[in-house]
Every structure is written in structure tokens, then in C-alpha cells.
Amino acid sequence: MHSANLFSGRSFRQLTAALVISSASCMAIAAPVAAQESTDPIKLTLHDWTGQLITTEIMGEVLKKAGYSIEYVQADYLAQFAGLESGDLHVAMEMWETTGREAMDAATATGKVENFGPTGMKAKEEWWYPSYMTEQCPGLPNWEALKDEACAEAFSTAETAPKGRYLGGPVTWGGFDDERVEALELPFEVIHAGTDAALFAELESAYQRKAPIMLWIYAPHWAPAKYEGAWVEFPEYSSECYNDASTGINPDMAYDCGKPFGEIWKVGWAGVKEKWPGAYDAIKAFTIDNDEMGKMITEVDLNGKTVSEVVADWMNANEDRWSGWIKK
């Protein structure tokens, strides 16, 4: 997930104008749904990280088993709320507490979007560094170590020197890293990876060479298990830190704290409950944990399986479980 300026210097309403929707893989009907339910396709949004593609396809396959038509739609993580409010989009399977809470709350406050409950996974997203960098910045994981110019320079690259380089996720992920750097007066420059794959490819390359790197790592994911390292310990997150500049270490700026930790939520158009009540119950019932997800992401990102292959394996192994979701 999970990671940069949540609204990329623009307001949420401006971001909604950037919503990009492209239809893909549609419509499979396994059996007739209840007569009172719509036969229109349920549109589930796809984003740009492996775990979200997995949870979405699992949900889609379960709904197909229940007889619903499904359409997968590529959509921007934050700007998707415009489509969810209008009913042009219907279900988003992963909204991370760490990066999407404000956008989600703004949408649910309209009454047009509903929080369908937790996925069962717990989100953690924060600045991360490999253990071999501790020698060059011994004050870590305390964030104040990063204020030392020598420590920052140890994380620098040719493009940022003498400032340290922080590799954030794609700008669409949010995260307020640019604001955090400014508010905490860190001598770092935020550089955004273009994609989830590029982010972790750079980590792999740096780790193999024992090269300096500080980057956005999130969980559930395989990276925290594969690589030895630690998350930076910033001042503890609070909603006041994000919304009231007068609180926190810097009395003049917000975001002078770490990112929130917490749930990964399912959200969607408020009309789902009335239009597809059985699907609504199944989506509410969906649950999966970090360990399961981490293993599936590993199969895709490290072992070369496709998302569809991993989802098919999970469906075959968990029929008793998901069949209970659609019987509710």
C-alpha cells in the first residue's frame, strides 16, 4: 500500500477529476441470483499493488459462484471515491487506514458510500531501512537520527546529495511524506517510485549491493519477512497531528508525526445493499489475515504465479469458508 503526499498537492475534489476507469475482465454467471436482485454487473475496483488485486479477484470469484455478474475496473486509489459516490463503481476491497482514512471518511459522510467493515488484515506503512545502514546512522530507529546531516548523507544518492533520499510509493498512494519531511525539518528529498513493482525492485537491487536505501515498506507484504531491517519510529500518529498544525512537535505545521496503523477496510457504493443484498452480505463476511495474504503475494511477486492462479488455489483450498460467505 501501501505510502508521499496524500493529495499530491491537490484537494480531494480536484483528484476526483483524475479518475481513470477502464473496464476489464467482465461477467461470468455461475447460477441465477435471487429474483429480486439486479443482474447488472457489480463493479469492483482494481489498484496498483499485488495484494489488492488478490483480494479483489477473490471477492469477484466468490460473487461469481453466487451467480453475480462481475466487472473489474481499473481506478485510482483515492479518486475512486467519485465513482463510488455516484454508483458508477460499487466495491473497493482495500482502503488502508494508514493512507486512505480521510478520503474514506469524506466519502462516507456524504451518505453515498458505506464502510463494509474490516478485511481482517492489519495495515502498517512507514519509512523502512535495511539493518546494514545502522552502522552509518546508529541513532536509528529513532526518527531524530535522520536530522543529523551525516546520517542523511549516508542515505543520499547522486540525485539528492547531500540530502538523504526517501523512496516513496507511487504518488497515488498518498501518505503525506513530503509534508512529513517539511514539518519535521528532515534533510531528505522524497522521490516517488512509479509503480509498486519498481519500488521493490529498487529495494532488491540496493539490498544485494548493500547500497543505501530508505523507502516505503508496507505490510501485509513479503518484504519485511525477506529482508532484515526496521521501520523508523516517528512521533506517534494522532488525528490532531494531521488536522491541527498547533499540536505536535512543530506548532506551525501538520503531519509532524508518523503514519497511522490499523485496519484495511472494504468500502463501496451505499446502494449495493439494496440492489444486490446477497452480494452485500458476502462482501461484509469476507475476511482474510496478514499471513494468508503475505503468502499469496509471495507466490505472485517472488515465485512467478499469476494473480488468477493464486486466487484459484485459494478458492480450491477454502471452499467451506467462502461458501459460508454467500450463504449468509
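At what angle do the axes of helix H2 (residues 50–65) and helix H13 (residues 307–317) cross, and within what distance do they come? In this predicted model, the two axes come within 9 Å and cross at roughly 55°. Those two values are a good place to start, since two packed helices are described by the angle between their axes and the distance between the axes.

**The H2 and H13 pair**

An angle from 35 to 65 degrees falls in the oblique class, and H2 and H13 are therefore oblique to each other. Their crossing is right-handed. On the H2 side, the contact is made by Leu53, Ile54, Glu57, Ile58, Glu61, Val62 and Lys65. Helix H13 contributes Val307, Ser308, Val311, Trp314 and Met315. Sorted by class, this contact of H2 with H13 holds eight nonpolar residues, one polar residue and three charged residues.

**The chain as a whole**

Stepping back, the protein chain has 14 helices and ten strands. It is 328 residues in length, and 54% of them count as buried. The chain exposes about 13,400 Å², with carbon and sulfur atoms supplying 50% of that area.

**Backbone spots worth a look**

Now for the backbone torsions. Most residues other than glycine have a negative phi, and most peptide bonds are trans. Here are four places that depart from that pattern, each of them in a loop.

| Residue or bond | Backbone value | Loop |
|---|---|---|
| Ala161 to Pro162 | cis, omega about 5° | Pro162: between helix H5 (149–154) and strand E6 (164–168) |
| Ala219 to Pro220 | cis, omega near 10° | Pro220: between strand E8 (215–219) and helix H8 (223–226) |
| Phe176 | phi near 60° | between E6 and helix H6 (177–183) |
| Glu185 | phi near 55° | between H6 and strand E7 (188–192) |

Both Phe176 and Glu185 have a positive phi without being glycine. Are these residues buried or exposed? Phe176 has a relative accessible area of 4%; the cut-off for buried is under 20%, so Phe176 is buried. Glu185 reaches 57% relative accessibility; exposed means over 50%, and Glu185 therefore counts as exposed.

Helix H6 is a handy landmark when you look for this pair in the structure. The loop between E6 and H6 holds Phe176, while the loop between H6 and E7 holds Glu185. Strand E6 also helps with one of the cis bonds: the loop between H5 and E6 is where Pro162 lies. For the other cis bond, look to the loop between E8 and H8, the place of Pro220.

Methods: Residues numbered from 1 in each chain as written. Predicted model: local features only at pLDDT ≥ 70, side-chain atom pairs only at ≥ 80, totals over all residues. Heavy atoms only, no water. Helix = DSSP H or I, 4+ residues; strand = E, 2+ residues; numbered from the N terminus. Buried < 20%, exposed > 50% of the residue type's maximum accessible area, 1.4 Å probe, protein only. Areas by Shrake-Rupley, 256 points an atom, 1.4 Å probe, with all protein chains shown as cover. Axes fitted to C-alpha atoms, helices over the stretch in contact; angles between N-to-C directions. Parallel < 35°, antiparallel > 145°, perpendicular 65-115°, else oblique. Left-handed = near helix turned anticlockwise from the far one by under 90°. Contact = heavy atoms within 4.5 Å. Nonpolar A, V, L, I, M, F, W, Y, C, P; charged D, E, K, R; others polar.
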